[in-house]
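Here is a short briefing on one structure. Look at the sequence and the model, then work through the points by topic.

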Amino acid sequence: MDAIIMDGQSLRAGSVACVQNIAHPVSLARQVMEKTDHTMIVGEGANLFAKELGIPQVPTDQLVTDIARQQWEEYNKYKRAVNELFDSQLGHDTVGAVAVDSEGNVACATSTGGITAKRVGRVGDSPVIGCGAYADNESAAVSCTGHGEAIMSVTLARTVSFNMEQGASAQAAADKSIAYMKNRVDGTGGVIVVSGEGETGVSFNTRRMPWAVVRDGTVRFGMNPGENFQKECPKD
Ligand SMILES: NC(=O)C[C@H](N)C(=O)O
């Protein structure tokens with residue numbers, strides 16, 4: 001599993017990659033950011049760091065869902081998984097979040113199990129700063145999902161924030177960056193964005209991407225292209 005967290009005020013980030021049997025890799029990534037002098041710790045080193053912090057190991061069967069196991073048995077070739085899974089109705093397992101506070105501080109986090117049938121040791125975009133996530137108070141916080149190799153080729157999260165530095169709105173920057181990835185490397189994926197002013201953007205060229213924006217007690221959400229539902233957040 002791979003995860004990253006980034007603080008847009010200090011530009012500090014923490015990430016872990018190829019970490020095994022940890023329930024919440026993004027919490028371990030946060031510890032990398034807050035408790036070490038490093039940005040990224042991988043593999044055995046990440047597990048050793050977790051042990052040092054007293055974070056318990058979770059047995060593999062508690063982390064692998066039946067659906068994930070079925071997909072793994074069916075999509076035994078990585079290329080097939082990339083070509084078909086992102087274009088299917090099935091969910092993929094990356095989770096991303098972006099946030100802004102009342103003072104305009106932005107932050108982001110991304111966590112993933114990667115892509116079905118990846119090689120042992122393969123690291124995708126998610127834990128790589130500027131690829132699977134980026135946060136800078138001077139532009140925006142961005143979290144990405146999709147084909148990691150394509151996302152890394154175009155440093156997708158940083159491309160969104162760069163487009164905002166050039167004056168694009170959060171939505172325009174998100175759309176432009178996804179289109180750029182499609183045109184340059186035929187990549188599929190999606191991004192969520194929030195600026196320091198609280199402007200949001202959501203864009204994807206996969207068949208679906210579940211997303212939600214919570215603001216002032218209201219949640220907007222969607223999953224299929226063009227969807228934008230709205231309802232009040234539950235009070236408790
Ligand atoms: N579903 C995903 O977003 C996968 C992730 N971007 C990776 O390539 O590892």
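The shell around the ligand holds 13 residues, and the closest are Thr 94, Arg 122, Asp 125, Thr 145 and Gly 146. The model is predicted. Start at the ligand, then move on to two open sheets: one has four strands, and the other has three.

**The ligand and its shell**

- Sort the surrounding residues by class: two are nonpolar, nine are polar and two are charged.
- Thr 94 is one of the closest residues. An N or O atom in the side chain of Thr 94 is 2.7 Å from an oxygen atom of the ligand.
- Arg 122 also belongs to the closest group. A polar atom in the side chain of Arg 122 lies 2.7 Å from an oxygen atom of the ligand.
- Gly 148 uses its backbone instead: a polar backbone atom of Gly 148 is 3.0 Å from an oxygen atom of the ligand.
- How much of the ligand does the protein bury? Taken alone, the ligand exposes 270 Å², and the protein buries 100% of that.

**The four-stranded sheet**

- The strand order is β6-β7-β8-β9, and the pairing is antiparallel.
- Strands of a sheet pair through backbone hydrogen bonds, either parallel or antiparallel.
- Why is one side of β6 and of β9 left without a neighbour in the sheet? β6 (133-135) and β9 (200-204) stand at the edges, and each has a single partner strand, so one side of each has no neighbour there.
- On average, neighbouring strands of this sheet are turned by 5° against each other, with direction ignored.
- Strand β7 (residues 140-146) and strand β8 (residues 189-195) run antiparallel and are joined by seven bridges.
- To find one of these pairings, go to Ser 143: its bridge partner in β8 is Ile 192.

**Helices on that sheet**

- Helix α7 (residues 156-165) packs on the sheet and touches β6, β7 and β8. The direction of α7 makes about 145° with that of β7.
- Helix α8 (residues 170-185) packs on the sheet too, where it touches β8 and β9. The direction of α8 makes about 20° with that of β9.

**The three-stranded sheet**

- The strand order here is β10-β11-β12, again with antiparallel pairing.
- Which strands lie at the edges? They are β10 (211-215) and β12 (229-232), and each pairs on one side only.
- From one strand to the next, the twist averages 20°.
- Five bridges link β10 to strand β11 (residues 218-222) in the antiparallel sense. Among the paired residues is Trp 211, whose bridge partner in β11 is Gly 222.
- β11 and β12 pair in the antiparallel sense over four bridges. Here Thr 218 has Glu 232 in β12 as its bridge partner.
- β11 and β12 also form a hairpin, with six residues between the two strands. In the turn, Gly 226 has a positive phi of about 85°.

Technical notes:
Residues are numbered from 1 along each chain as its sequence is written. This is a predicted model: local features need pLDDT of at least 70, side-chain atom pairs count only at pLDDT 80 or more; totals for chains, interfaces and linings use all residues. Side-chain values use heavy atoms; hydrogens and water are left out. A residue is near a molecule or strand if one of its heavy atoms lies within 4 Å of it. A polar contact is a pair of N or O atoms within 3.5 Å; within protein, one must be able to donate a hydrogen and the other to accept it, and residues adjacent in sequence count only if both atoms are side-chain atoms. Accessible areas come from the Shrake-Rupley method with a 1.4 Å probe; for residues, only the protein chains shown count as cover. Ala, Val, Leu, Ile, Met, Phe, Trp, Tyr, Cys and Pro count as nonpolar, Asp, Glu, Lys and Arg as charged, and the others, Gly among them, as polar. Two strands pair if DSSP finds at least two bridges between them. Axes are lines fitted to C-alpha atoms, for helices over the stretch in contact, and angles run from 0 to 180 degrees between N-to-C directions. Contact means heavy atoms within 4.5 Å.
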